[in-house]
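Trainee: I should like to study one part of this model closely. Could you please guide me through a single helix and its surroundings?

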Amino acid sequence: MSPDIEAPLETRPLSSRVEALAGFGLSTADIACVLATEDQDLKATYAHEFESGAIKANARIAESLYRNATGECREAVTAAIFWLKTRARWKETSMHELERKLDTSVTFVTTYEDMK
């Protein structure tokens, strides 16, 4: 682990805020602007929060989606379909069948050439 990760919370007071904003998908520059600091300092001090923010946010969303997909609310079907399409690689397929009579006859001619 880097020394920044092991630093006491008092020396990194914006830890949870940086992690949340990173989880929401804001760029380093945007987070630095919101927190009125330099983005290079922010990156150096909160590298772990930038890395883990998106991972934790995705985990929370996945947990919520899973609860909806396995629940009995109206959104359960939609959530379950989305889950299965993205996680279980299900896909929607549609088949189109055409029925038509051919008005002309078709002749196939096969020719063989001597390869010698």
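Mentor: The account below follows one helix, then a core of nonpolar residues, and finally two residues with an uncommon backbone angle. Please keep in mind that the model is predicted.

Let us begin with helix H5, which runs over residues 47-69 and has 23 residues. From its first C-alpha to its last, H5 reaches 34 Å, close to the 33 Å expected at 1.5 Å a residue. The helix has a kink of about 30°, centred on Gly 53. Gly 53 is also one of the buried residues of H5, which include Phe 50, Ser 52, Ala 57, Leu 65 and Ala 69 as well. What covers the buried residues of H5 includes helix H2 (15-23), H3, H4 and H6.

Glu 49 deserves particular attention within this helix. Is Glu 49 buried or exposed? The relative accessible area of Glu 49 is 2%, and because buried means under 20%, Glu 49 counts as buried. Its side chain makes a polar contact with the side chain of Ser 15, at 2.6 Å. Leaving aside residues up to four places away in sequence, Glu 49 touches Arg 12, Ser 15, Val 18, Glu 19 and Ala 22.

Two of those neighbours, Val 18 and Ala 22, lead us to the largest nonpolar core. This core has nine residues: Val 18, Leu 21, Ala 22, Ile 31, Ala 32, Leu 35, Leu 42, Tyr 46 and Phe 50. The elements that give two or more residues to the core are H2 and H3, and H2 gives the most, with three residues. A general tendency is relevant here: in soluble globular proteins, nonpolar side chains tend to be buried together. Phe 50 is listed both among the buried residues of H5 and in this core. Ala 32, another core member, touches Thr 37, Glu 38, Asp 39 and Leu 42, not counting residues up to four places away in sequence.

Lastly, consider the backbone. Most residues other than glycine have a negative phi. Ala 36, however, has a positive phi, near 55°. Ala 36 is found in the loop between helix H3 (28-34) and helix H4 (39-45), and its relative accessibility of 70% makes it exposed. Arg 89 likewise has a positive phi, near 60°. Arg 89 is placed in the segment after helix H6 (76-87), and at 75% relative accessibility it also counts as exposed.

Terms used: Residues are numbered from 1 along each chain as its sequence is written. This is a predicted model: local features need pLDDT of at least 70, side-chain atom pairs count only at pLDDT 80 or more; totals for chains, interfaces and linings use all residues. Side-chain values use heavy atoms; hydrogens and water are left out. Helices (H or I, at least four residues) and strands (E, at least two) are DSSP runs, numbered from the N terminus. Buried means under 20% relative accessible area, exposed over 50%, partly exposed in between (1.4 Å probe, protein chains only). The expected span of a helix is 1.5 Å times one less than its number of residues. The bend at a residue is the angle between axes fitted to the seven residues ending there and the seven starting there. Contact means heavy atoms within 4.5 Å. A nonpolar core is a set of buried Ala, Val, Leu, Ile, Met, Phe, Trp, Tyr and Cys residues joined through side-chain atoms within 4.5 Å. A polar contact is a pair of N or O atoms within 3.5 Å; within protein, one must be able to donate a hydrogen and the other to accept it, and residues adjacent in sequence count only if both atoms are side-chain atoms.
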